[in-house]
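Dear colleague,

Please find below the structure that I am handing over to you. I would be grateful if you could look through it alongside the notes that come after.

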Amino acid sequence: MPELTRRRALGAAAALTAVAGAAAVTTTPATAAPAPDHQHGGQPESFDEVYRGRRIQGRPASGGGHHHGAGYAVFIDGVELHVMQNADGSWISVVSHYDPVATPRAAARAAVVELQGAPLVPFNGN
């Protein structure tokens, strides 16, 4: 039986890591549960909830505001959170601009986490 050397141990560990990584990439669930605020007719559903002690709301928007053509408005404690839908369907906000999420509700929740209790300052867009 060959002696276990550091080189063989590291080689075996690397091989196992590669196999596990490949399995993780190729394994996907057969069906995924829809998001709680899934879209109907291209528009996310409205929501109104308290998340981590902050009231978050989202609804279709009509006129005014900062919607970038998405036609959807999100609020944290009554202050509008500037949100934008990306070309791939993901959403970003002025608070968590570099962390796209699947829905406006997820964008509101991410902003609440990022704010860490600080008030949302209104965005004037200038």
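The notes below describe the confidence of the model, its sheet, and several individual residues.

To begin with reliability, this is a predicted model. The protein chain has a mean pLDDT of 78, and 60% of its residues reach 70 or more. Confidence is lowest in helix H1 (residues 6-26), where the mean is 55, and highest in strand E3, at 98. Over residues 22-35 the pLDDT falls below 50, and this stretch has one contact in the model beyond near neighbours in sequence. Where pLDDT is low, predicted coordinates should not be read in detail.

The sheet

Four strands form an open sheet in the order E3-E4-E5-E6, and their pairing is antiparallel. Strands E3 (47-51) and E6 (79-81) stand at the edges; each has a single partner strand, so one side of each is left without a neighbour in the sheet. On average, neighbouring strands of this sheet are turned by 25° against each other, direction ignored. Helix H2 (residues 104-115) packs on the sheet and touches E3, E4, E5 and E6. The direction of H2 makes about 25° with that of E3.

The pairing can be followed residue by residue. E3 and E4 are joined in the antiparallel sense over five bridges. Phe47 has Gly58 in E4 as its bridge partner, while Val50 is partnered by Arg55 in E4. Two residues lie between the strands in the hairpin of E3 and E4, and Arg52 takes a positive phi there, near 50°. Strand E4 (residues 54-60) is also joined to strand E5 (residues 72-76) by five bridges, and these two strands run antiparallel. Gly58 stands opposite Val74 in E5, and Gln57 has Phe75 in E5 as its bridge partner. Gly58 thus appears in both pairings, with Phe47 and with Val74.

Glu49 and its surroundings

Glu49 lies in strand E3 and has a relative accessibility of 16%, so this residue counts as buried. Which residues does Glu49 touch, not counting residues up to four places away in sequence? They are Arg54, Arg55, Ile56, Arg105 and Arg109. With two of these arginines there are polar contacts between side chains: the contact of Glu49 with Arg105 is 2.4 Å, and the contact with Arg109 is 2.8 Å. As Arg105 and Arg109 fall within the residue range given for H2, these contacts may be viewed together with the packing of H2 on the sheet.

The aromatic pair

A search of the whole structure finds one aromatic pair. Tyr72 and Trp91 form this pair in an edge-to-face arrangement, at 6.0 Å centre to centre and with 65° between the planes. Tyr72 lies in strand E5 and Trp91 in strand E8 (residues 91-93), so the pair ties together parts that are 19 residues apart in sequence. Both Tyr72 and Trp91 are buried.

Two loop residues

Thr103 is found in the loop between E8 and H2. Its relative accessibility is 11%, and Thr103 therefore counts as buried. A polar atom of the Thr103 side chain lies 3.1 Å from the backbone nitrogen of Ala106. Thr103 and Gly89 are 14 residues apart in sequence, with a C-alpha to C-alpha distance of 8.5 Å.

His82 lies in the loop between E6 and strand E7 (83-85). Is His82 buried or exposed? With 12% relative accessibility, His82 counts as buried. His82 and Asn124 are 42 residues apart in sequence, and their C-alpha atoms are 9.4 Å apart in space.

When viewing the model, you may wish to start from strand E3, where confidence is highest, and go on to the contacts of Glu49 with Arg105 and Arg109.

With kind regards

Technical notes
Residues are numbered from 1 along each chain as its sequence is written. This is a predicted model: local features need pLDDT of at least 70, side-chain atom pairs count only at pLDDT 80 or more; totals for chains, interfaces and linings use all residues. Side-chain values use heavy atoms; hydrogens and water are left out. Two strands pair if DSSP finds at least two bridges between them. Axes are lines fitted to C-alpha atoms, for helices over the stretch in contact, and angles run from 0 to 180 degrees between N-to-C directions. Contact means heavy atoms within 4.5 Å. Rings of Phe, Tyr and Trp (its six-membered ring) pair if their centres lie within 6.5 Å; planes under 30 degrees apart count as stacked, over 60 as edge-to-face and the rest as tilted. Buried means under 20% relative accessible area, exposed over 50%, partly exposed in between (1.4 Å probe, protein chains only). A polar contact is a pair of N or O atoms within 3.5 Å; within protein, one must be able to donate a hydrogen and the other to accept it, and residues adjacent in sequence count only if both atoms are side-chain atoms. pLDDT is the predictor's confidence in each residue, from 0 to 100.
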